[in-house]
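Q: I've got a protein–DNA model open and I'd like to learn how to read it. Could you walk me through it feature by feature?

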There are 2 protein chains.
Amino acid sequence: MTKRPADPTNGSAPAARQVPMRDFSRSLPMSLLRAREAVMRQFRPSLREHGLTEQQWRILRALASIEAAEVTELARTAFLLGPSLSRILRDLEARNLIERKTAKADQRRSMVSISKEGVKLMAAVAPTSEAIYAEITSRFGARKLAELQEMLGELEQSLAGLGAGNEASAEE
Amino acid sequence: MTKRPADPTNGSAPAARQVPMRDFSRSLPMSLLRAREAVMRQFRPSLREHGLTEQQWRILRALASIEAAEVTELARTAFLLGPSLSRILRDLEARNLIERKTAKADQRRSMVSISKEGVKLMAAVAPTSEAIYAEITSRFGARKLAELQEMLGELEQSLAGLGAGNEASAEE
DNA sequence: GGGAGATACTTAACATGTTAAGTGAATGCG
DNA sequence: CGCATTCACTTAACATGTTAAGTATCTCCC
């Protein structure tokens, strides 16, 4: 019961299987990674033509939809960690795609918003981006896509507050 | 038909919605990213305790299951780009977790394999890792998990050979 | 058998992911 | 008021993602 037969896809691995584990290529993290990569591969070339990375695009989109936001709020919306966001905002600001001004009430906070140039850039990128998304939807099926996203959301939910684990226990 | 009502979740954004797009937070790439992050968040602490990153762990697992492999093959299996793999192999070799020897027949290729130390490390990490995976499976449901992975695979399939696009057309 | 082209990596350069530490500004409380 | 904490970022340091170049081999065909 401690061993498992070798995966049929590599029929002749001689040894080194002391540690039985799930078939590597079928782990959930790998499945998610591969799927996401398959999707992003479609978008990157178009973004690249406009000098944008995936993350920069996420930020612009987030800003376009929420008008102005504090950095922390933006990080949550664009799903980026603070340090990444900090760097990217610095660069986007240098390119005049966003604007930043410190809040009056609380000098620690700064409000970020998209600039006119930023809006213009979005207008240039959005059509292609939407077309690609439509193509993906069409290929995979709109219904299935909705189902998939539903399941992904449930997965996220079911793991919420598991990794945070030590919420009120040890603290070291 | 060119406009869409604002998302109900941010009822009062004043302007800057010149570019209508899907609700940002519900795009497929974001769903996949969030789901993957929710999963990986569970594993990272344990890996970290053993001084391993997610990618390093992927490589060790891949090597443990296929015995020895060329770098290119390993890149495909562990789903890493060549440059990343090159760096990681350099580091893993320095830590004596893997071994490398150039192939006799073709001096360009090198065969990579896991070392005894590498196997030992895997043995130390695997139990926790499997336990976490079991917990995730249990929370989300084994059946649903299988379904999800099935859909992810189909998504990948349906996009195969779309981004490669220019396979035999333009060439710069 | 020799040189053009293909292969299998490796390096380089820049951007982000991830964790820890730093900085300046608010807050709470004695 | 005064000062320790907390907060909202920003920097720093190290690892990987991503694309483009570089290097050493190998292949093939004239």
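We go through the DNA contacts, then the sheet, the helices and the salt bridges.

Q: Before anything else, what kind of model is this?
A: It's a predicted model, and local features are described only where pLDDT is at least 70.

Q: Let's start with the DNA. Which residues come nearest to DNA strand C?
A: There are 26 residues around DNA strand C, and A:Ser84, A:Arg87, A:Gln107, B:Ser86 and B:Arg109 come nearest. By class, that surface has 7 nonpolar, 8 polar and 11 charged residues.

Q: Which parts of DNA strand C are within 4 Å of the protein, sugar or phosphate or bases?
A: Of the strand C atoms within 4 Å of the protein, 64% belong to sugar or phosphate, and the rest are base atoms. You can look at single atom pairs too. The side chain of B:Arg109 puts an N or O atom 2.7 Å from a phosphate oxygen of strand C. For the side chain of A:Thr53, the distance to a phosphate oxygen is 3.3 Å. A:Gln55 has a side-chain N or O atom 2.9 Å from a sugar or linking oxygen of strand C.

Q: Which helices supply the surface near DNA strand C?
A: Helix 2 (54-66) and helix 4 (82-94) of chain A do, along with helix 1 (28-49), helix 3 (71-78) and helix 4 (82-94) of chain B, each with at least two residues. Helix 4 of chain A gives the most, with 4 residues.

Q: And what surrounds DNA strand D?
A: Here 26 residues surround the strand, the closest being A:Ser86, B:Pro83, B:Ser84, B:Arg87 and B:Gln107. They divide into 7 nonpolar, 8 polar and 11 charged. Of the strand D atoms within 4 Å of the protein, 66% belong to sugar or phosphate. As for atom pairs, a polar side-chain atom of A:Ser86 lies 2.7 Å from a phosphate oxygen of strand D. The side chain of A:Arg109 has an N or O atom 2.9 Å from a phosphate oxygen, and for B:Thr53 that distance is 3.3 Å.

Q: Which helix gives the largest share of the surface near DNA strand D?
A: That's helix 4 of chain B, with 4 residues.

Q: Now the sheet. What is the strand order in chain A?
A: Strands of a sheet pair through backbone hydrogen bonds, either parallel or antiparallel. In chain A, an open sheet of 3 strands has the order 1-3-2, with antiparallel pairing. Strand 1 (68-70) and strand 2 (98-102) stand at the edges with a single partner strand each, so one side of each has no neighbour in the sheet. The twist averages 25° from one strand to the next.

Q: Over how many bridges do strand 2 and strand 3 of chain A pair?
A: They pair over 5 bridges, in the antiparallel sense. Among the partners, A:Ile98 is bridged to A:Ile114 in strand 3.

Q: Which helices lie across those strands?
A: Helix 2 of chain A lies across strands 1, 2 and 3, running at about 95° to strand 3. Helix 4 of chain A lies across strands 2 and 3, at about 115° to strand 2.

Q: Last one: how many salt bridges does the structure hold?
A: Side chains of opposite charge can pair when their charged atoms come close. The structure holds 26 salt bridges over all chains. One of them joins A:Arg58 and A:Glu54, at 3.2 Å from N to O. Both residues lie in helix 2 of chain A, 4 residues apart, about one turn of the helix.

Key: Residues are numbered from 1 along each chain as its sequence is written. Chains are lettered from A and ligands numbered from 1 in the order in which they are written. This is a predicted model: local features need pLDDT of at least 70, side-chain atom pairs count only at pLDDT 80 or more; totals for chains, interfaces and linings use all residues. Side-chain values use heavy atoms; hydrogens and water are left out. A residue is near a molecule or strand if one of its heavy atoms lies within 4 Å of it. A polar contact is a pair of N or O atoms within 3.5 Å; within protein, one must be able to donate a hydrogen and the other to accept it, and residues adjacent in sequence count only if both atoms are side-chain atoms. Ala, Val, Leu, Ile, Met, Phe, Trp, Tyr, Cys and Pro count as nonpolar, Asp, Glu, Lys and Arg as charged, and the others, Gly among them, as polar. Two strands pair if DSSP finds at least two bridges between them. Axes are lines fitted to C-alpha atoms, for helices over the stretch in contact, and angles run from 0 to 180 degrees between N-to-C directions. Contact means heavy atoms within 4.5 Å. A salt bridge is a side-chain nitrogen of Lys or Arg within 4 Å of a carboxyl oxygen of Asp or Glu.
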